[in-house]
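User: I'd like to learn how to read a protein fold from its atoms. Could you walk me through a few features, giving the general idea and then the case at hand?

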Amino acid sequence: MAGGVINLDQARVIADTAATVTASAGAEVADKAVGVLVEWAGQFEPTLLRRMGTRILDHVAPDLADAAAAAALAAEDARATRDRHLTISEQTDGRLRLTGTLDAETAGLLRAAIDPLSAPTGPDDTRCPGQRRHDALADICRLALHTGDLPDNGGEPAQIVVTTSYDTLTRQLNAGALDIGLQLTPDTVRRLACDATILPAVLGGTSQVLDVGRQRRLITGPLRRALVLRDGGCAFPGCDRPPRWCAAHHIHHWADGGPTNLHNAVLLCGHHHRHIHHTDWTVRLGDNGRPEFVPPAWLEPDQLPRRNHYHRRT
């Protein structure tokens, strides 16, 4: 390092590897490992050098390599098990910050679940990678809730609860409240109402609960199955999300008196469901009974309707 042949990071890699080899195979083998790694350091940057260092015994002591590799893997697994954690911190504005370290197995599970959902959904998807990963995590949580297989929470099935008034829902007056104390915008409440269980409650003037009605599910059962057969997945142009990642959206909002039937429903993934509720895009059924989407005039002055041909079956 003093002669400029290797840099500080490479020297650290060599020292760490030498310490590991000394512990598993003795000082003599470690000296051989240092000589080989110094020679390699002239060709490889620190990250690659560290990867090669994990198999250095294959080159300097093949008879010890397998046992040492197994011991190193066991030590790494024990360290990952010990250090695993996930911290959820509430910020002053009600949002949550996630930090943590995942072990190798959980990291693989997360990447397998989140990577396919983090890809752009089409040419109009302007979300940055971080926003796409955020929305993918929301989709995974939504799917887990839909399975009905999560443990009970306080005697109730796992769920999110939004409290709002009838006027808020129908006239977009004020915010709704989650049962954990956070506030939601009226637009968000209306979007959640598209594919939710509605539980009416009659409150007195001082908000005492006077009566709680029966649950009325919206687009479920045979109606949702018919919707899946028609749309095949998210109906927004260019989107490839399958039905299990989609919510059933009322074309004429249920809160505005829209009926719950096949002619007033469309499947939308989480991202495009938000997109329809919070932008100037509109959706309607075309002459063939399939959904078509009209872009806003600022995006396309002619406002030619677009359709999703990804899910079409011959």
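Analyst: We will go from the overall picture to a helix, a core, a strand and then some single residues. Please keep in mind that this is a predicted model.

User: Let's begin with the whole chain. How many helices and strands does the chain have?

Analyst: The chain has 11 helices and 13 strands. Of its 314 residues, 31% count as buried. Among contacts between residues at least 6 apart in sequence, 45% join residues at least 24 apart.

User: How do I read a helix, say α1?

Analyst: Here is the general idea: an α-helix has 3.6 residues a turn, so residues three or four places apart point the same way. Now the case in hand. Helix α1 covers residues 8-25, and its 18 residues reach 25 Å from the first C-alpha to the last, close to the 26 Å expected at 1.5 Å a residue. Buried in α1 are Q10, V13, I14, T17, A18 and V21. Seen down the axis, these buried residues fall within an arc of 130°, so they line one face of the helix.

User: Which helices do the buried residues of α1 pack against?

Analyst: They pack against α2 (27-41), α3 (46-53) and α4 (57-60).

User: And what happens at the two ends of α1?

Analyst: At the N-terminal end, N7 acts as a cap, with a side-chain oxygen 3.2 Å from the backbone nitrogen of D9. After α1 comes G26, whose phi is positive, near 100°.

User: Which residues of α7 are buried?

Analyst: In α7, the buried residues are R132, D135, A136 and D139. They cover an arc of only 110° around the axis, which puts them on the same side of α7. What covers them includes α6 and α11. As for its span, α7 has 19 residues and reaches 27 Å from first C-alpha to last, close to the 27 Å expected at 1.5 Å a residue.

User: Now for cores. What should I look for?

Analyst: In soluble globular proteins, nonpolar side chains tend to be buried together. Here the largest nonpolar core has 16 residues, and C234, F236, V266, L268, I276 and F293 touch the most other members. Strands β10 (246-250) and β11 (265-269) each supply at least two residues of this core. It is β11 that gives the most, with 5 residues. Apart from this core lies another, of 15 residues, among them V13, V29, W40 and A41.

User: Could you zoom in on one member of the largest core?

Analyst: Take I276. Leaving aside neighbours within four places in sequence, I276 is in contact with F236, H249, L268, W281 and F293. I276 is also one of the buried residues of α11. Helix α11 spans residues 270-278 and is mostly covered, with 8 of its 9 residues buried.

User: Let's turn to β11. How do I read the two faces of a strand?

Analyst: In a regular strand the side chains alternate between the two faces of the sheet. For β11, A265, L267 and C269 are on one side and V266 and L268 on the other, and both faces are covered. With 5 of its 5 residues buried, β11 is largely enclosed by the rest of the structure, so there is cover on either side of the strand.

User: In which sense do β10 and β11 pair?

Analyst: They pair in the antiparallel sense, over 5 bridges. In that pairing, C246 stands opposite C269 of β11.

User: Now a charged residue. Is D231 buried or exposed?

Analyst: D231 is buried, with a relative accessible area of 6%. The residue belongs to helix α10 (residues 221-231). Look at its polar partners: the D231 side chain makes a polar contact with the side chain of R230 at 2.7 Å. In addition, the backbone nitrogen of L267 lies 3.0 Å from a polar atom of the D231 side chain. Not counting residues up to four places away in sequence, D231 touches V266, L267, P291 and H311.

User: Where does R244 lie, and is R244 buried or exposed?

Analyst: R244 lies in the loop between α10 and β10. R244 is exposed, with a relative accessible area of 53%.

User: What about T121: buried or exposed?

Analyst: T121 lies in the loop between α6 (104-114) and α7 (129-147). This residue is buried, with a relative accessible area of 3%. Beyond its neighbours within four places in sequence, T121 is in contact with R127, G238, C239, R241, H271 and H272.

Definitions and conventions: Residues are numbered from 1 along each chain as its sequence is written. This is a predicted model: local features need pLDDT of at least 70, side-chain atom pairs count only at pLDDT 80 or more; totals for chains, interfaces and linings use all residues. Side-chain values use heavy atoms; hydrogens and water are left out. A nonpolar core is a set of buried Ala, Val, Leu, Ile, Met, Phe, Trp, Tyr and Cys residues joined through side-chain atoms within 4.5 Å. Buried means under 20% relative accessible area, exposed over 50%, partly exposed in between (1.4 Å probe, protein chains only). Helices (H or I, at least four residues) and strands (E, at least two) are DSSP runs, numbered from the N terminus. Contact means heavy atoms within 4.5 Å. Two strands pair if DSSP finds at least two bridges between them. The expected span of a helix is 1.5 Å times one less than its number of residues. The arc is that of the directions from the helix axis to the C-beta atoms. A polar contact is a pair of N or O atoms within 3.5 Å; within protein, one must be able to donate a hydrogen and the other to accept it, and residues adjacent in sequence count only if both atoms are side-chain atoms.
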